[in-house]
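Here are some notes to read with the model open beside you. Take the points in order and find each residue as it comes up.

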Amino acid sequence: MSYLKGLLASCLVLASVLSWVKAVPISIDKTKVKLPEETVKEPPQSVDTGLHYDRYLREVIDFLEKDQHFREKLHNTDMEDIKLGKLAKELDFVSHHVRTKLDELKRQEVSRLRTLIKAKQDIEGGNDIAVDHQALLKQFEYLNHMNPHTFEVEDLDRLIKSATKDLENYDKERHEEFKRYEMTKEHERQEHLKTLDEEGRRKEEEHYEEMKKKHADHPKVNHPGSKDQLKEVWEEADGLDPEDFDPKTFFNLHDTNGDGFFDEQELEALFTKELEKIYDPTNEEDDMLEMEEERLRMREHVMNEVDSNKDRLVSLDEFLVATKKKEFLEPDSWETLEQNQAYTEEEMREFEEQLARQEEDLNLKAADLQKQREGLEQQQEQLNAQKIELQQAVEHMERIKTQKVPPPPEMHLQGNAVPESLGHDPPPVPPENQPLPPGHQDIPPEQQQQHVPQNQQDLGQEPQHIPQENQPLPPGHNSLPHDSPQMPLDHNNVP
């Protein structure tokens, strides 16, 4: 069980560090920096590991610890065998109650993942798309998605391997994150210097060198995990006589949860006194994020020297063996962060080139967005102009309806009617009962058929009443002399 507990303890440290790395602005977590005597009185608080399957991992480990057979196998299994999956096969021999609870935990975890997948789909606007949960669950490597109902050997094997992989990757990523933080700090300092005149740059550089000197001026830092370092904790934190120092008693005092192991959090608490020699949150020259990096460097160093089976825990036996080594009794001096720059000059150049490329890309995107904005503003102006024209047209139509403005005179003309304004007199209308001229009398209905022109009966023949050439015209139709003035034709007086 020590390896699984070591994984969980490592995850707790991971969560604590992530909270520091991502903190802006930098601040001190007072609950993190505890004196050993405080931790003896209070058990360590439950801290989220930072893994997205944190709760699932915790609950599985807790229930496996309750099975006596599995717990005994864990104590007798080598860490490498655990990583190879040999321990997972012992799951078949745990009690029915534990297996039933593990099945329930897995079903709850699968349900949680499906809910997350559905929520992500809703956010991305894919409500009408069918979701293939089985395909999407494949990305979660810490459980067997093909069997969502029962917790099997493969599930335990996947959980152990995933937690180990995540923690190993974290160690590397954490160092890279701190390196980027330090390079960003230096880059911003150099950019600030460019904005100053020569005198301002000189003063700024002098202040910077002064702060560096003040930070480096601190008491000697003991080698982490050495006898001198532990005796200092024994005397100043525990209040005991340094001449009475006893490694076994010291271990029991600082094994705060009493499980027989130093986990990573318990180890880090031992370095508080050393860190206080270097860092003070009230000092301008001290960076508290660098303090956390220093703490982790110390913890990793002790783990590498003392944790012989690499289970991320220090047992009492491993601790007692380490206290007999030369490195414990006569250690080398410890080099702090100011003596070991986090990045090289080449890495700094590459970082600045990367920032320059990113800045160029951002400028191009900004220019493109500005063009789009100008185009949208122009379209908006056109739309506003069209809107104004339409409003004016509607208002004009409303005025016409309200005032009943008569249409122009041209709208009264129908057919071939000639308006009075043209200057022609209207034709005279004969008085009532006045006899009509010859040829205009009413024709009785019975005779109308006889008077239908021949051209209406047979369009192919010429009308009979049209006179031939040189035939005398009827009275009133004689041609006028050529020298007579042309008078308008009065159709009402034509016989």
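1. Start with two long-chain neighbours, α8 and α17. These two helices are roughly perpendicular to each other, because their angle of about 75° falls in the range of 65 to 115 degrees that counts as such. Their axes are 10 Å apart. Keep in mind throughout that this is a predicted model.

2. Which residues make the contact between α8 and α17? From α8 (residues 153–194) come Lys-179, Arg-180, Met-183, Thr-184, Glu-186 and His-187. From α17 (residues 345–403) come Glu-347, Met-348, Phe-351, Glu-352 and Leu-355. Sorted by class, the residues of this contact are four nonpolar, two polar and five charged.

3. Helix α8 also packs against α9 (residues 198–216), where the axes come within 10 Å and cross at roughly 150°. An angle over 145 degrees counts as roughly antiparallel, so α8 and α9 are described as roughly antiparallel to each other. On the α8 side the contact uses Glu-186, Arg-189, His-192 and Leu-193, and on the α9 side Arg-201, Glu-204, Glu-205 and Tyr-208. The classes here are two nonpolar, one polar and five charged. Note that Glu-186 is listed in the contact with α17 and again in the contact with α9.

4. Stay with α8 and look at Arg-174, which lies in this helix. Is Arg-174 buried or exposed? Its relative accessible area is 3%, and buried means under 20%, so Arg-174 is buried. The side chain of Arg-174 makes a polar contact of 3.2 Å with the side chain of His-175. Another polar contact, of 3.3 Å, joins the side chains of Arg-174 and Glu-293.

5. Glu-266 is a second charged residue to check, and it is found in helix α12 (residues 264–269). With a relative accessible area of 5%, Glu-266 is buried. Its side chain reaches the backbone nitrogen of Asn-257 at 3.4 Å. Setting aside neighbours within four places in sequence, Glu-266 is in contact with His-254, Asp-255, Thr-256, Asn-257 and Phe-261. Asn-257 therefore appears both as the partner of the side chain and in the list of contacts, where contact means heavy atoms within 4.5 Å.

6. Leu-87 sits outside the helices, in the loop between α5 (79–83) and α6. Leu-87 counts as buried, at 1% relative accessibility. Leaving out residues up to four places away in sequence, Leu-87 touches Phe-70, Lys-73, Leu-74, Thr-77, Asp-81 and Ile-82. The C-alpha atom of Leu-87 is also separated by 9.0 Å from that of Val-153, although the two residues are 66 residues apart along the chain.

7. Helix α6 (residues 96–123) has 28 residues. From first C-alpha to last, α6 reaches 41 Å, close to the expected 40 Å. Its buried residues include Val-98, Leu-102, Leu-105, Val-110, Leu-113 and Ile-117. Arg-99, Asp-103, Lys-106, Glu-109 and Gln-121 are buried in α6 as well.

8. Last, the chain as a whole. It has 19 helices and two strands. Of its 495 residues, 32% count as buried. Among contacts between residues at least 6 apart in sequence, 70% join residues at least 24 apart.

Notes
Residues are numbered from 1 along each chain as its sequence is written. This is a predicted model: local features need pLDDT of at least 70, side-chain atom pairs count only at pLDDT 80 or more; totals for chains, interfaces and linings use all residues. Side-chain values use heavy atoms; hydrogens and water are left out. Helices (H or I, at least four residues) and strands (E, at least two) are DSSP runs, numbered from the N terminus. The expected span of a helix is 1.5 Å times one less than its number of residues. Buried means under 20% relative accessible area, exposed over 50%, partly exposed in between (1.4 Å probe, protein chains only). Axes are lines fitted to C-alpha atoms, for helices over the stretch in contact, and angles run from 0 to 180 degrees between N-to-C directions. Angles under 35 degrees count as roughly parallel, over 145 as roughly antiparallel, 65 to 115 as roughly perpendicular and the rest as oblique. A polar contact is a pair of N or O atoms within 3.5 Å; within protein, one must be able to donate a hydrogen and the other to accept it, and residues adjacent in sequence count only if both atoms are side-chain atoms.
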